Each structure stands twice: as C-alpha cells, then as structure tokens.
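Good morning, and thank you for coming. Please look at the sequence and the structure on the screen before I begin.

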Amino acid sequence: MDAILLHRIDAAKNMRRYYRLDVAPDLFGRWCLAVEWGRIGRCGRLRLTAYESAAEAWEALARQRCVKEQRGYVAI
C-alpha cells in the first residue's frame, strides 16, 4: 500500500499543511509507522515509531488518520 497523504489548506489563515503516514518494515524485523508533517513545499519533520507486528502498525496508522481527519485534514 502507498503512503497516505493528507492536506489541510485554509487561505484565510495562510495555512498549507501536509501529513504523510506510511508503514514499512525495518532491518530488525519490526514494523515502523513513519509520520511526516510540515508546510506544503517545505521539508517537514519525521517521526518513526516501531511496532512488533504489522497489524499493530496499521492500527496505529488508522488511529492517527482518524485524528487528523477530525482536525480538518483531507486525503489526497
């Protein structure tokens, strides 16, 4: 599955943000949730969180996506 890309754009507030979520295996057999966020057109921040199973990582991704969609982010 490809990464999930979410945008939140509000011209009145000069807000142009993105949020990218992805799950991938690491070199040690664990699964990582990669979360990248920032302003559209700029380098963002990256946070990796390791999980023991792929199911746990996908569950965390789904929770994070729901939280961001509640805050106004839209999937691209």
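I shall go from the overall layout to the sheet, then to its hairpins, and lastly to a charged patch on the surface.

Please keep in mind that this is a predicted model. The protein chain has 76 residues, and 25% of them count as buried. Its C-alpha trace spans about 45 × 25 × 15 Å along the principal axes.

Let us consider the secondary structure. The chain contains 1 helix and 5 strands. If you follow the sequence from its start, the pattern reads β-β-β-β-α-β.

How are the strands arranged in the sheet, and in which order? The 5 strands form an open sheet in the order S4-S3-S2-S1-S5, and the pairing is antiparallel. Strands S4, residues 45-51, and S5 stand at the edges; each has a single partner strand, so one side of each is left without a neighbour in the sheet.

I now turn to the individual pairs. Strand S1, residues 4-10, is paired with S2 in the antiparallel sense, over 7 bridges. One position to find on the screen is His 7, whose bridge partner in S2 is Tyr 18. S1 and S2 form a hairpin with 4 residues between the strands. In that turn, Asn 14 has a positive phi of about 55°.

Strand S2, residues 15-25, also pairs with strand S3, residues 31-39. This pairing is again antiparallel, and 9 bridges connect the two strands. Two positions illustrate it: Arg 20 has Glu 36 in S3 as its bridge partner, and Val 23 stands opposite Leu 33 in S3. The hairpin of S2 and S3 has 5 residues between the strands, and here Gly 29 takes a positive phi near 90°.

Finally, we come to the surface. Which residues form the positive surface patch? They are Lys 13, Arg 16, Arg 17, Arg 39, Arg 42 and Arg 71. Where along the chain is Arg 71 located? Arg 71 lies in the loop between helix H1, residues 54-70, and strand S5, residues 74-75.

To summarise, the model shows an open sheet of 5 strands with antiparallel pairing, 1 helix, and a positive surface patch that includes Arg 71. Thank you for your attention.

Terms used: Residues numbered from 1 in each chain as written. Predicted model: local features only at pLDDT ≥ 70, side-chain atom pairs only at ≥ 80, totals over all residues. Heavy atoms only, no water. Patch = residues over 30% accessible without salt bridge, like charges linked within 9 Å, V, L, I, M, F, W, Y side chains within 5 Å. Areas by Shrake-Rupley, 256 points an atom, 1.4 Å probe, with all protein chains shown as cover. Salt bridge = Lys/Arg side-chain N within 4 Å of Asp/Glu carboxyl O. Lys, Arg positive; Asp, Glu negative; His and termini not counted. Charge placed at Lys NZ, Arg CZ, Asp CG, Glu CD. Pairing = 2+ DSSP bridges. Buried < 20%, exposed > 50% of the residue type's maximum accessible area, 1.4 Å probe, protein only.
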